[in-house]
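Ready for a few exercises in reading helices and their packing? Have the structure open beside you, try each task, and then compare your steps with the worked solution.

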Amino acid sequence: MPPRRKVTTFNKARAIAWQQDGVSKQEVGRRLGVSHSVVFRLHQKFQATNSVLERPRSGRPKKTTQREDRFIRRQALQQRGTTANIIRGQLRVATNTNVSTKTIRKRLHS
């Protein structure tokens, strides 16, 4: 089974606009390259929430903020040969945030 394609927010808005103009769900699906059931669920979600945006999902919150992530990236770029352990120490000194070296590596990878 092929992986699911995400429908972009722009295409979701187009689908809703086409439906409001009277285009069928099957035709909207054909235009976007998705199943008519995807369009059906999108339309149901739009009627319930009056929005095509993704709702926040549950999950564990990140340990670092966006500012700390930028700090990690900046340190790695300024000092190319540095290790995750060294960056971890620099982050702790600069922001008083204690994270693992694995977290540092994950932030640099993303």
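The exercises below work through a predicted model.

**Exercise 1. Find out whether the length of helix α3 fits its residue count, and which of its residues are buried.**

Solution.
- Step 1: Helix α3 runs over residues 36-49, which is 14 residues, and at 1.5 Å a residue it should span 20 Å.
- Step 2: Compare this with the model: the end C-alpha atoms of α3 are 20 Å apart, so the two values agree.
- Step 3: Now look for buried positions, with under 20% relative accessible area as the cut-off. In α3 these are Val39, Leu42, His43 and Phe46.
- Step 4: These residues cover an arc of only 100 degrees around the axis, so they lie on the same side of α3. The general rule behind such a pattern is that an α-helix has 3.6 residues a turn, so residues three or four places apart point the same way.
- Step 5: Ask what lies over this side. The cover includes α1 (9-20) and α2 (25-32).
- Step 6: Finish just past the helix, where asparagine 50 follows α3 with a positive phi, near 60 degrees.

**Exercise 2. Compare two residues of helix α1, alanine 13 and glutamine 19: is each one buried or partly exposed?**

Solution.
- Step 1: Place both residues. Alanine 13 sits in helix α1, and glutamine 19 is also found in helix α1.
- Step 2: Alanine 13 has a relative accessible area of 38%, so this residue is partly exposed.
- Step 3: Glutamine 19, at 14% relative accessibility, counts as buried.
- Step 4: Look at the neighbours of glutamine 19. Leaving aside residues up to four places away in sequence, glutamine 19 touches Lys25, Val28, Val39 and His43. Val39 and His43 appeared in Exercise 1 among the buried residues of α3.

**Exercise 3. Work out how α6 is oriented relative to α4 and to α5, and which residues make the two contacts.**

Solution.
- Step 1: Begin with α4 (residues 66-78) and α6 (residues 101-109), whose axes come within 10 Å and cross at roughly 85 degrees. Angles of 65 to 115 degrees count as roughly perpendicular, and therefore α4 is roughly perpendicular to α6.
- Step 2: List the contact residues: Asp69, Ile72, Arg73 and Ala76 from α4 meet Ile104, Arg107 and Leu108 from α6. By class, this contact has four nonpolar, no polar and three charged residues.
- Step 3: Turn to α5 (residues 84-95). The axes of α5 and α6 come within 9 Å, crossing at roughly 100 degrees, and therefore these two helices are also roughly perpendicular to each other.
- Step 4: Here Ala84, Asn85, Ile87, Arg88 and Leu91 of α5 meet Thr101, Ile104, Arg105 and Leu108 of α6. The contact divides into five nonpolar, two polar and two charged residues.

**Exercise 4. Which residues of α6 are buried, and which exposed residues are on the face turned away from them?**

Solution.
- Step 1: The buried residues in α6 are Thr103, Ile104 and Arg107.
- Step 2: Their arc around the axis is only 100 degrees, so they fall on the same side of α6.
- Step 3: These buried residues pack against α4 and α5.
- Step 4: On the face turned away from the buried side you will find the exposed residues Lys102 and His109.

Definitions and conventions: Residues numbered from 1 in each chain as written. Predicted model: local features only at pLDDT ≥ 70, side-chain atom pairs only at ≥ 80, totals over all residues. Heavy atoms only, no water. Axes fitted to C-alpha atoms, helices over the stretch in contact; angles between N-to-C directions. Helix = DSSP H or I, 4+ residues; strand = E, 2+ residues; numbered from the N terminus. Parallel < 35°, antiparallel > 145°, perpendicular 65-115°, else oblique. Contact = heavy atoms within 4.5 Å. Nonpolar A, V, L, I, M, F, W, Y, C, P; charged D, E, K, R; others polar. Expected span 1.5 Å × (residues − 1). Buried < 20%, exposed > 50% of the residue type's maximum accessible area, 1.4 Å probe, protein only. Arc of directions from axis to C-beta.
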